[in-house]
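Let's take a walk through this structure together. Please have the sequence and the 3D view open as you read.

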Amino acid sequence: MNQEEITNKPSNNGKMKEFVAHRREKDGEPQSLLSHLYRTSVLVGNFANKIGLKDAGRIIGLLHDFGKASSEFQNYIKSATGMIDPDADDYSDAEKLKGKIDHSSAGAQFIYQVLSKKGSEGIIAAQFLSLCIASHHSGLIDCLSPSGEDNFTRRIEKSKKKTHLDEILSYLSDTEKQKITELASNDKVVRQVLDKIKSLIEKNDSKETLMFKYGLLVRFLFSCLIDADRLNTADFEFPRNIKIRNYGKYCSWVILLERFNTKLQEFENKIERNEVDNLRDEVSKECFNFSTKPKGIYQLTVPTGGGKTLSSLRFALNHANHHNMDRIFYVIPFTSIIDQNADEVRKILEDKDKNGNYLDRIVLEHHSNLTPEEETKRQNLLAENWDAPIVFTTQVQLLETLFGSGTRSVRRMHQLANSVIIFDEVQTIPIRCVHMFNIALRFFMNNCNSTIVLCTATQPLLDKIEPIQRSLSIAQEQKIIRNEKELFRKLKRVDVFDKRKNIGGWTVDEVANLTKQELQETDSVLIVVNKKESARSLCQKLSEEEPTKTFHLSTNMCPAHRLNVLNTVKERIEKKQPVICVSTQLIEAGVDIDFGTVIRYMAGLDSIAQAAGRCNRNGKREKLGRVYIVNPEDENLDSLKDIKIGSGCAERFFRDYDKSPDNFENDRIGLKAMEQFYTYYFYNRKKQMDYPVTSNSKEIGRDDNLFNLLSLNNLSIQEYQRIHKNKLPVIQLKQSFQSAAKAFYAIDSFTRGVIVPFGKEGENIINKLCDAVMIEKQYRLLKTAQRYSVNLFPNDFEEMEKKKAVHEVQKDSGIYYLDYQYYSNEFGWSKEIVTEMKNLTF
């Protein structure tokens, strides 16, 4: 019997056939343990095969739930699901035993036991594989804990009475035992792992960066296992899920290219075209010409409003088709851009029926955490795994996938292999994540067959990071636009005026007066502020005199609400009706809108340039657009560290500019200006790029950084030596995976997704979720609900809970909605009642 046969056909010999992995709640049908192991094995192998680890993937899939074959676990699961009568002698108290029976160590011990007999190379492969199996319910465990404990060895050497390994092996027939040992000890398994480890080495690697990539490789393989396990479990529990999922069977790139080219022809045939349209065509053509280049890391540096979204899509579709790649990712900083860009791409690539409904699912939006990390079995079934040809997601979701804790996010990681990954507005990557981000990009490019595109008008200096071993290598030939300087000169559409006051600052009344003056001149004014309370107070002030012309945008509003406001504002601009929009910085990155004047509260030069991109965007105005930089009085930015530091670096740049404008080509937001700004900014923050943590961190308990914890882990080794009289740990991987993951936050604070009753659709979604029973129904509803959700910080969520303003859609579902009285059609969610109680008629 070969591996293909044993992986697809459960054996009829031995006691194993009697064992149960799960029991379907709907009809009580049991899923045999053999079936679950074999089918999970196939999926893991298929996922891992994308990076050459098919056999390694199959064996961890086959062994991941090996521990469920113990009599203790079988008594537990059968008692918990009603398969054993409570009066029977072998009945177990399932509630007391929940989470206490170890079923993940047996498979880890078995693979380690088998492979360690193959010498030093076998031991290295054994740790990589056994670590995935041992961790598949908790998230990757610490190999060394921050306190110096060797958790990995402790787990592998755990008493076999507690892991039940010997008992489980006794249930196998001789043939089964021989075959599974042959599979585990197959030379191909060790060779695949070692070859992959060797492929991680780059010329400019340090010991730290190489060990960091070892960790990424483990996490990738772990991702394959988690996704396969969850998929097989979910599809057994709800067989109709198979109809919902794509399982990688997508519409071909050729068909999608035909649809794209048809739309492109419509754009090119526009009767009214100006110089900006022609320059966007040039950008698009350069992206097309570049698409046959080898896979790699590339920069697409285009001024705001230069058509990056469709041009990068043109590159990605052609590149994916040329290299037979699996999917395209758009990674975007703000959900507001996802709303707009995903909708734009969906209109181009998805067919509709006669009723206007989309017939095929090409574009997936994933941008809101509606379920908590501590997933119940039910919530596990709702977790997204990025199963679509084109995925729009946020930086937060992607960074959580790469570095976050638990198992919900990591299961998506393997989908990034053999993909085109476009980072739109890459300058917004959190500064503390830069080192980890750079090495992760190198890992996906060099070891996962992916192509990375760094898109922005304001390229951060990711290729000039110190130490140089943690930077990206970006040569001139990796820049998609051949002559960036000339493109920026041709696409200049605004004048930037520095109107900051040397003493004091601008009052709300003064900003409002400037707004009204500019409204008389240009008919449309955008004011971008740094804080949500600033947006609300200024909007209220302007609404006193211009109530029908003033609109508000902030993340207190759900995506559907923001999109509705944006569409209204755009419509007024197109009809040349006066309009004022007061927004937080969410409007800066990638939102396709064109104002006559922009007023920007003082911030980093990158933010100022992005705000300027909303001014005279299409170059249709007779004069250059006007961008004013103002410094509001008494603005406290202590809670917005990035903006505060960026503002300080921009002030330093403006002093340089005032001394010698010629040195910056008389452009406050041009290429030279941006390079100088980032030189100041990155120098100012160079000690914060390895994700530092302090002794206040409960997960780490000392001053350290996540890059170290996920690479050499020197301080944990020192703790180990202190405990063991200067002996060094013998294990190859020494990372504190779990502790680092728990200490990682893509943003400064966790948020909880809450569905809001915006409009009839929002109310209907809440009502349907409250009434829903079938998981398939929730699966679809939660996708739609992402457009009607806001993210609340923990303290805000707790405050709203105390006020009984948030409620679960169903008991223990972990999915919450907001009481309608706390949601305003002008400003979004509020801590106070803003909507009158409805009169109900019975």
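**Two helices, two cores**

A good place to begin is the meeting of α6 and α7: Gly107, Ala108, Ile111, Tyr112 and Leu115 in α6 are in contact with Gly122, Ile123, Ala125, Ala126, Gln127, Leu129, Ser130, Ile133 and Ala134 in α7. Sorted by class, this contact brings together 10 nonpolar and four polar residues, with no charged ones. How do the two helices lie against each other? Helix α6 covers residues 105-115 and helix α7 residues 120-134, and they pack at an angle of about 175° with axes 8 Å apart. Angles over 145 degrees count as roughly antiparallel, so that is the description that fits α6 and α7.

Keep in mind that this is a predicted model. The mean pLDDT of the protein chain is 89, and 93% of its residues reach 70 or more. Two stretches call for more caution: over residues 369-383 the pLDDT is below 50, with 57 contacts in the model beyond near neighbours in sequence. Residues 1-13 also stay under 50, and the model has 28 contacts for them beyond four places in sequence.

Now turn to the interior. The largest nonpolar core has 192 residues, and Leu129 is among those with the most contacts inside it, along with Ile59, Phe66, Phe423, Leu454, Ile587 and Leu605. Helix α13 (residues 207-237) gives the most to this core, with 15 residues. A second, separate core of 42 residues includes Tyr298, Leu300, Ile328 and Ile390.

Finally, try centring your view on Leu454. Beyond four places in sequence, its contacts include Phe423, Val426, Leu441, Leu462 and Leu472, and also Tyr298 and Leu300.

Terms used
Residues are numbered from 1 along each chain as its sequence is written. This is a predicted model: local features need pLDDT of at least 70, side-chain atom pairs count only at pLDDT 80 or more; totals for chains, interfaces and linings use all residues. Side-chain values use heavy atoms; hydrogens and water are left out. pLDDT is the predictor's confidence in each residue, from 0 to 100. Contact means heavy atoms within 4.5 Å. A nonpolar core is a set of buried Ala, Val, Leu, Ile, Met, Phe, Trp, Tyr and Cys residues joined through side-chain atoms within 4.5 Å. Buried means under 20% relative accessible area, exposed over 50%, partly exposed in between (1.4 Å probe, protein chains only). Helices (H or I, at least four residues) and strands (E, at least two) are DSSP runs, numbered from the N terminus. Axes are lines fitted to C-alpha atoms, for helices over the stretch in contact, and angles run from 0 to 180 degrees between N-to-C directions. Angles under 35 degrees count as roughly parallel, over 145 as roughly antiparallel, 65 to 115 as roughly perpendicular and the rest as oblique. Ala, Val, Leu, Ile, Met, Phe, Trp, Tyr, Cys and Pro count as nonpolar, Asp, Glu, Lys and Arg as charged, and the others, Gly among them, as polar.
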